[in-house]
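Visitor: I am new to this structure and would like to understand how its descriptions are reached. Could you take me through the reasoning, one label at a time?

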Amino acid sequence: MGRVRVGALGLLLALGAVACGGDGGSPGEPPAEKRLKARQKEGERWEEGPRHPKVHVAYPYDMPGHCGIAWATFGGRTWKISGVGPSIGRRVEGDAPEGAEDLAGYMTLMAKDEAVFEAANFPPVYFTATKETPPGCD
């Protein structure tokens, strides 16, 4: 099984565990249905969005995939996964790149303490701002 398939399978299993206990998405208003192009991480550079993101603007964002997608750092804050679901339509067109361990997509601030990550071939992943410290990752 290739690295992408193994990573995607692990991600889907992690997302499924959250989806079973969550409400399936954020109550925030969805951003305009502007289509986004699938992207891939460029070399060693990490896209993490601006320090002060604007609401409903999709920023290029690279999500590390080796520890799952339970936590994120965006806009200078820590975010914890709150749900996975179809509350907004798929806006990222194209296919995820082959061989990528990390997931390149877009992070959008939906409200002051709510954000959503979108990437090609994955459901939207919702986050809530937190003051918690993410656990370590091996």
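Guide: Let us begin with a pair of charged side chains in this predicted model: those of aspartate 113 and arginine 77 meet in a salt bridge, with N and O 2.4 Å apart. The two partners come from distant parts of the chain, since aspartate 113 sits in the loop between β6 (103-111) and β7 (114-118) and arginine 77 in strand β4 (residues 77-84), 36 residues apart.

Visitor: Why is the meeting of aspartate 113 and arginine 77 called a salt bridge?

Guide: The label asks for a side-chain nitrogen of Lys or Arg within 4 Å of a carboxyl oxygen of Asp or Glu. Here an arginine faces an aspartate at 2.4 Å, N to O, and therefore the pair qualifies under the 4 Å limit. In general, side chains of opposite charge can pair when their charged atoms come close.

Visitor: What makes aspartate 113 and arginine 77 partly exposed?

Guide: Aspartate 113 has a relative accessible area of 32%, and arginine 77 has 31%. Buried would mean under 20% and exposed over 50%, so both values fall in between and earn the middle label.

Visitor: How many salt bridges does a search of the whole structure find?

Guide: The search finds two. Besides the pair already described, lysine 80 forms a salt bridge with glutamate 132, their closest N and O atoms being 3.3 Å apart. This pair, too, links distant parts of the chain, with lysine 80 in strand β4 and glutamate 132 in the segment after β8 (125-130), 52 residues apart.

Visitor: How do you know that lysine 80 and glutamate 132 are neither buried nor exposed?

Guide: Lysine 80 has a relative accessibility of 32% and glutamate 132 one of 40%. Since the middle class runs between the 20% and 50% limits, both residues count as partly exposed.

Visitor: Which residue has a side-chain polar atom 3.0 Å from the backbone nitrogen of glutamate 132?

Guide: That residue is threonine 130, which lies in strand β8. Setting aside neighbours within four places in sequence, threonine 130 is in contact with Trp71, Thr78, Trp79 and Lys80, and Lys80 is the partner of glutamate 132 in the salt bridge.

Visitor: What makes the phi angle of histidine 56 worth a remark?

Guide: Most residues other than glycine have a negative phi. Histidine 56, which is not a glycine, has a positive phi of about 65 degrees, and its place is in the loop between β1 (36-37) and β2. Asparagine 121, in the loop between β7 and β8, likewise has a positive phi, near 65 degrees. With relative accessibility at 31%, histidine 56 is partly exposed, and asparagine 121, at 44%, is partly exposed as well.

Visitor: Why is histidine 66 called exposed, while glycine 65 is called partly exposed?

Guide: Histidine 66 has a relative accessible area of 56%, whereas glycine 65 has 31%. The limit for exposed is over 50%, so histidine 66 passes and glycine 65 does not, although glycine 65 is not under 20% either. Both have their place in the loop between β2 and β3, as is stated for histidine 66 and for glycine 65.

Visitor: What does glycine 65 contact, beyond its neighbours within four places in sequence?

Guide: Glycine 65 is in contact with Glu101 and Asp102. The C-alpha atoms of glycine 65 and leucine 103 are separated by 6.1 Å, with their positions 38 residues apart along the chain, and those of histidine 66 and aspartate 102 by 7.2 Å.

Visitor: Which residues lie nearest the centre of the largest pocket?

Guide: They are Pro64, Cys67, Gly68, Trp71 and Pro134, out of 17 lining residues. About 370 Å³ of space lies in this pocket.

Visitor: Where is the confidence of the prediction lowest, and where is it highest?

Guide: Confidence is lowest in helix α1 (residues 3-21), at a mean pLDDT of 41, and highest in β8, at 96. Over residues 1-32 the pLDDT is below 50, while the chain as a whole averages 75.

Methods:
Residues numbered from 1 in each chain as written. Predicted model: local features only at pLDDT ≥ 70, side-chain atom pairs only at ≥ 80, totals over all residues. Heavy atoms only, no water. Helix = DSSP H or I, 4+ residues; strand = E, 2+ residues; numbered from the N terminus. Buried < 20%, exposed > 50% of the residue type's maximum accessible area, 1.4 Å probe, protein only. Polar contact = N/O pair within 3.5 Å; in protein donor to acceptor, adjacent residues only side chain to side chain. Contact = heavy atoms within 4.5 Å. pLDDT = per-residue confidence, 0-100. 1 Å grid on protein atoms, 1.4 Å probe; cavity = no way out; pocket = protein on both sides within 12 Å on 5 of 7 lines; lining within 4 Å. Points joined across faces, edges and corners; volume = space filled by probe spheres on them.
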